Amino acid sequence: MSCVGILPKSNRKRKRNLTELSLGDEPRDVTHITERQDSQLELNSISAANTLIINMQQNSYYCCVYQSETQKLLFLEEIRYIKNDMRFTETLLQQFHPDVLICSNKTKMCLLLDRIDIGDMKIDVKPSKDFNVAEGELFLDSLERGLLRSESSLVAENDLKFISGLRCKDTFPNYLSLISVFSTNFEIHCAQNSRLKKTDLIKFMEFISMQGYLSIDRNSMVALRLGSDKHNVVGLTVSQLFGKCNTKIGNSLLSQYLMRPLINLDDIVARHRAVGQFLEEIKFGKKNSVVGQITDYLAGIADIHTLIQKLKLGNYEATIWKQLQSIFYNFDKLKELIECSPTLRTIDCCIKFIESFDVDNIRKLQEILLETIDFSTDPDNLCIQKNFDSTLQRYKDLYDEMEHILGEKAFELKSLTGLDLVIAYIPQFGYLVAVERHSKTLDSLQSFDLVFTTSTTYYYKDQSMLEMDTNYGDLYSLIRDKEVEILFELQANLFEYGLENLIISYQYIGEIDVLLRFALVSYENNFNKPELIEEEAGVIDLKESFHPLFSTSNFISNDFKVSNSRVVVITGPNFSGKSTLLTQIGITIYLAQIGCFIPAKTGKLSIFRKILTRINTEESININQSTFMKDCQQMSECLMKSTVDSLVLIDEFGKGTDINDGPELFTEEIIGEVVNSIDFKQLEILIDKNNQFSMTFLYQLTDGIASSSAGLYCARRSGIDLAIIERAEFILHLLERGQNIIGEFSLLDENEMKLIGEHKDKIKKFLELNFQEWAPEDHLKLKTELLKILHD
């Protein structure tokens with residue numbers, strides 16, 4: 001006797017596919033159980049795209065950014081339109097990396113998108129009528145009503161305050177026109193899922209001002225190697241130096257910190273203070289493992305935004321509940337660890353984190369979860385706690401007995417019909433008699449109703465199977481439906497006890513993660529805390545400064561000081577590190593203003609509002625400009641954008657034009673205005689006067705002007721043939737003595753005169769040739785004639 005059944009996912013060890021079952025002529029005593037692959041609710045595709053909406057009204061840009069990862073809606077302050085100015089567009093794309101840009105046709109023309117590399121970003125041009133104030137008002141009203149119903153939520157409370165402030169702005173109608181476009185987009189996505197509301201897609205709203213950050217254009221990002229692979233930078237970048245954080249929110253916030261260096265002294269000092277406090281804990285961590293524990297707890301915190309969104313969409317897969325359990329556990333442990341550490345509990349972001357939630361509430365959430373779900377019985381699958389629900393437990397107990405029930409029924413049928421039959425239970429089809437296609441018993445089943453067939457088996461029902469359908473029901477489906485009902489109630493309970501409030505705490509988790517990363521990078525690279533001043537502009541005073549992207553074991557540190565000078569000129573030979581020093585200074589300023597420590601023993605720095613560079617020249621056949629033209633454009637941008645609190649770094653300007661024109665233009669544009677405040681410096685080198693090819697670079701800054709470019713030495717080190725270098729050295733001596741090079745090289749030496757005498761007949765015949773008489777198609781005849789002259 002054989003029987004076939006289908007059990008829940010907790011019985012995977014006995015899983016077997018129905019079509020693979022082999023029913024032999026002889027009945028088997030072992031009951032084979034297979035499992036139907038239950039299709040789970042999938043998360044609908046909501047738009048994973050970061051969307052930027054721009055609309056121009058009354059000579060001003062109004063912008064709104066939706067960040068899908070954190071469900072944030074950001075409003076940018078009004079920005080005045082400047083004709084033919086690409087800087088606004090470049091800044092927005094650089095800061096927010098939108099996947100989609102939505103704008104009107106008029107706005108698109110003003111943005112000058114055809115002149116900018118937009119990469120894979122999609123542009124959606126909408127008619128002006130789609131920027132509808134009335135539609136935006138309706139969406140904002142519905143959002144506000146939803147927030148009022150959730151007024152116990154801290155997130156809702158913050159957003160209600162934001163909306164109230166937004167309504168008080170004079171530019172409120174202009175922002176409503178942007179909101180209307182989001183409303184239309186959200187409506188399209190929500191149409192795919194009836195459980196989703198448009199207002200569910202927004203968790204945070206805030207105003208941001210691009211005026212509150214250090215301005216760094218794309219050229220400077222590339223030149224200083226600040227950005228990621230998107231900027232096509234070769235070698236280690238500052239972004240790669242920091243690597244990855246432990247949490248998803250940490251990585252998102254790290255990217256934001258790197259892209260938006262601060263200019264507010266209090267904000268920068270607050271970050272420095274936190275990094276210093278974390279650094280103390282790291283140094284003390286040699287004797288304990290607090291930082292290691294923090295890292296472990298952070299790594300166990302999944303993205304709360306995604307989990308909440310999935311729960312609202314009815315996705316109850318096992319991994320979601322396990323991640324929630326991990327979040328509750330790690331929140332509790334992290335708070336406990338912070339409160340026990342004298343250092344950690346004084347850090348601002350840690351204080352905000354432990355004050356942002358009630359530990360009793362976290363434990364209540366965890367208790368609700370553990371009362372419902374059993375995480376220990378089957379770690380890989382979802383299991384409801386035994387005896388949690390009496391009805392569910394009755395279904396499961398009956399299901400566990402199904403093998404025995406099917407066996408008894410098969411025995412009963414055999415006693416009535418005399419046939420060895422296989423009884424199968426298949427969810428949604430119920431209880432069936434299964435017979436192989438070539439079985440001899442098929443002719444004896446005329447009174448049975450055929451339900452369906454497979455390639456190997458016929459499935460029948462009779463009155464006894466119908467009675468089993470009535471008595472036992474579709475157990476597998478009943479179990480699944482009851483589990484979904486329980487999980488739905490669990491979801492409601494979790495939200496009722498403030499699950500969404502953890503989003504606020506999650507934001508502080510991101511801040512802790514980033515500042516801890518800053519501290520770890522500072523510790524690993526021997527960075528130190530800078531002193532920042534606001535009273536005096538243009539101060540850079542660095543002691544034992546080094547480049548953060550090179551190994552400190554082989555790098556020679558330098559002191560660098562600028563206080564009253566508007567311009568510092570660094571001179572030195574090739575290969576001496578002038579460009580490296582320039583980028584080192586730029587990166588040091590940048591690191592200080594993102595809130596990290598700096599690569600120097602000590603540092604006293606002013607707050608800079610802009611970093612501008614003329615270091616790298618982008619070469620491309622798509623750019624219809626010469627190298628010098630491109631350099632001039634970059635220099636022009638530096639001059640137009642620079643202010644008294646700007647850092648401008650210029651490397652070898654004018655190298656693409658005449659040897660005299662370049663320096664003259666540089667002097668006229670830069671030095672001519674500040675000639676009385678120049679502090680000339682050089683990278684001094686040690687040269688053996690008897691052998692110019694023996695040279696040691698000291699890479700130390702000293703006062704003075706470099707006396708040589710050491711070009712021949714660099715050429716020799718590059719592998720250029722020694723004969724060529726000796727020839728170049730001979731020419732250099734002629735130039736130094738002021739001799740006539742043309743006249744010198746017009747003279748023939750003794751060997752050359754002898755060679756001409758030996759071949760004067762051939763030279764005469766060659767000179768007598770009139771090449772104008774030869775047509776292009778006669779090139780073979782000309783070749784023959786030349787060979788004849790050569791070999792005569």
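User: Which residue in strand 5 is the bridge partner of V65?

Analyst: L74 is the bridge partner of V65 in strand 5. Keep in mind that this is a predicted model.

User: What holds strands of a sheet together in general?

Analyst: Strands of a sheet pair through backbone hydrogen bonds, parallel or antiparallel. Here, strand 4 (residues 60-67) and strand 5 (residues 72-80) run antiparallel. Seven bridges join them.

User: What is the strand order in the open sheet of six strands?

Analyst: Read it as 7-6-3-4-5-8, with mixed pairing. Strand 7 (122-126) and strand 8 (204-208) are the edges. Each has a single partner strand, so one side of each lacks a neighbour in the sheet. On average, neighbouring strands of this sheet are turned by 20° against each other, direction ignored.

User: Next, the open sheet of four strands. What is its order, and which strands stand at the edges?

Analyst: The order is 14-18-15-16, and the pairing is again mixed. Strand 14 (531-533) and strand 16 (558-562) stand at the edges. Each pairs with a single strand, so one of its sides has no neighbour in the sheet. The twist averages 15° from one strand to the next.

User: Do strand 14 and strand 18 run parallel or antiparallel, and how many bridges join them?

Analyst: Strand 14 and strand 18 (residues 602-606) run parallel, and three bridges join them. One pair to find on screen is L532 with its bridge partner L605 in strand 18.

User: Which helix lies across these strands, and at what angle to strand 15?

Analyst: Helix 20 (residues 578-594) does. It lies across strand 14, strand 15 (540-545), strand 16 and strand 18. Its angle to strand 15 is about 105°.

User: Now the surface. Which residues make the nonpolar surface patch?

Analyst: L748, M753, I756, I763, F766, L767, F771 and L786 make it. The patch covers about 730 Å².

User: Which elements give two or more residues to the nonpolar patch, and which gives the most?

Analyst: Helix 26 (750-758) and helix 27 (760-768) each give two or more. Helix 27 gives the most, with three residues.

User: Where is L786 placed, and is it buried, partly exposed or exposed?

Analyst: L786 sits in helix 28 (residues 779-791). Its relative accessibility is 31%. Buried means under 20% and exposed means over 50%, with partly exposed in between. L786 therefore counts as partly exposed.

Technical notes:
Residues numbered from 1 in each chain as written. Predicted model: local features only at pLDDT ≥ 70, side-chain atom pairs only at ≥ 80, totals over all residues. Heavy atoms only, no water. Pairing = 2+ DSSP bridges. Axes fitted to C-alpha atoms, helices over the stretch in contact; angles between N-to-C directions. Patch = residues over 30% accessible without salt bridge, like charges linked within 9 Å, V, L, I, M, F, W, Y side chains within 5 Å. Areas by Shrake-Rupley, 256 points an atom, 1.4 Å probe, with all protein chains shown as cover. Salt bridge = Lys/Arg side-chain N within 4 Å of Asp/Glu carboxyl O. Buried < 20%, exposed > 50% of the residue type's maximum accessible area, 1.4 Å probe, protein only. Contact = heavy atoms within 4.5 Å.
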